[in-house]
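Visitor: I have a model open and do not know how to read its pockets and helix contacts. Where should I begin?

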Amino acid sequence: GFQTLSNKWIPPSDFEIEDVRKNIGNSYWSINNRILTKSIEKLNIDVNAIAKGFGVDQISLLLLKSGFTQFLVEIGGEVYCHGFKKNNLPWQIGIELPSFKNREIESIVKLTNFAMATSGNYRNYYIHEGEIFSHTINPYDGYPVKHNLVSATVVAPTCLEADALATSLMVMGSKRGIELINQLENVECLLFERLKDGSLYKIKSNGFNKFTEALID
């Protein structure tokens, strides 16, 4: 709800955050026989980090079962591309420059039987007394993340994987995030850091370039 906050909003106190953190954690819920059980009443589960990716995959499976072999499915920026476009050309998807003001394409990737998802802190944020508060929360301390990573794009075999990993990278930060992706098979990423002077620094996983080679005009 950051976009609906009034100018009178102030960040929660350390005490308020610590009080909320007492009711957070995987130890407080479980799933058995397709039934989800909570051990504390105040716990809420939000699946926004994977919902769009999951939806893309489900629609893609439906299309495959219906006999379609060439298609693109997109929900809110999360995308899966199967087969090729006309003339057997790969699908080309743009990656937006993580800018607070402008909307422009920074990179283009080609996808065939792969998904892509982007998570970032340059669209959903709040400024209080000159400080930017991200909508991505660090689960270890309960505060918005404060590292330099502003955008994480992940390419993976399924959109659920790409969606979940993109959000995870925004929590982890660039160093730990790139180490994780380089250890995974068939998963690549493109990260953007915002430096102190406001400029952007691009970081690619070891195999990301294979999705940008031989682009079609």
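Guide: Begin with a pocket, and bear in mind that this is a predicted model. The second largest pocket has 14 residues in its lining. Ile132, Val145, Lys146, His147 and Val150 are the ones nearest its centre.

Visitor: Which elements give two or more residues to that lining?

Guide: They are β9 (131-134) and β10 (149-156). The largest share, four residues, is from β9.

Visitor: How is empty space found in general?

Guide: A probe the size of a water molecule is rolled over the atoms, and this shows where empty space is left. Here, the volume of the second largest pocket comes to about 350 Å³.

Visitor: How do the residues of the lining divide into nonpolar, polar and charged?

Guide: In the lining of the second largest pocket, seven are nonpolar, four are polar and three are charged.

Visitor: Now the helices. How are α2 and α3 placed relative to each other?

Guide: Read the angle between their axes. Helix α2 (residues 48-65) and helix α3 (residues 159-172) have axes that cross at roughly 165° and come within 7 Å. Angles over 145 degrees count as roughly antiparallel, so that is how α2 and α3 run to each other. Their crossing is right-handed.

Visitor: Which residues of α2 and α3 meet?

Guide: From α2 there are Ala49, Ile50, Ala51, Lys52, Gly53, Phe54, Val56 and Asp57. They meet Cys159, Leu160, Asp163, Ala164 and Thr167 of α3. Among the residues of this contact, eight are nonpolar, two polar and three charged.

Definitions and conventions
Residues are numbered from 1 along each chain as its sequence is written. This is a predicted model: local features need pLDDT of at least 70, side-chain atom pairs count only at pLDDT 80 or more; totals for chains, interfaces and linings use all residues. Side-chain values use heavy atoms; hydrogens and water are left out. On a 1 Å grid over the protein atoms alone, a cavity is a set of points where a 1.4 Å probe fits but cannot get out, and a pocket is an open set with protein on both sides within 12 Å along at least five of seven lines; lining residues have an atom within 4 Å of a point. Grid points are joined across faces, edges and corners, and a volume is the space filled by probe spheres set on the points. Ala, Val, Leu, Ile, Met, Phe, Trp, Tyr, Cys and Pro count as nonpolar, Asp, Glu, Lys and Arg as charged, and the others, Gly among them, as polar. Axes are lines fitted to C-alpha atoms, for helices over the stretch in contact, and angles run from 0 to 180 degrees between N-to-C directions. Angles under 35 degrees count as roughly parallel, over 145 as roughly antiparallel, 65 to 115 as roughly perpendicular and the rest as oblique. A crossing is left-handed if the near helix is turned anticlockwise from the far one by less than a right angle, and right-handed if clockwise. Contact means heavy atoms within 4.5 Å.
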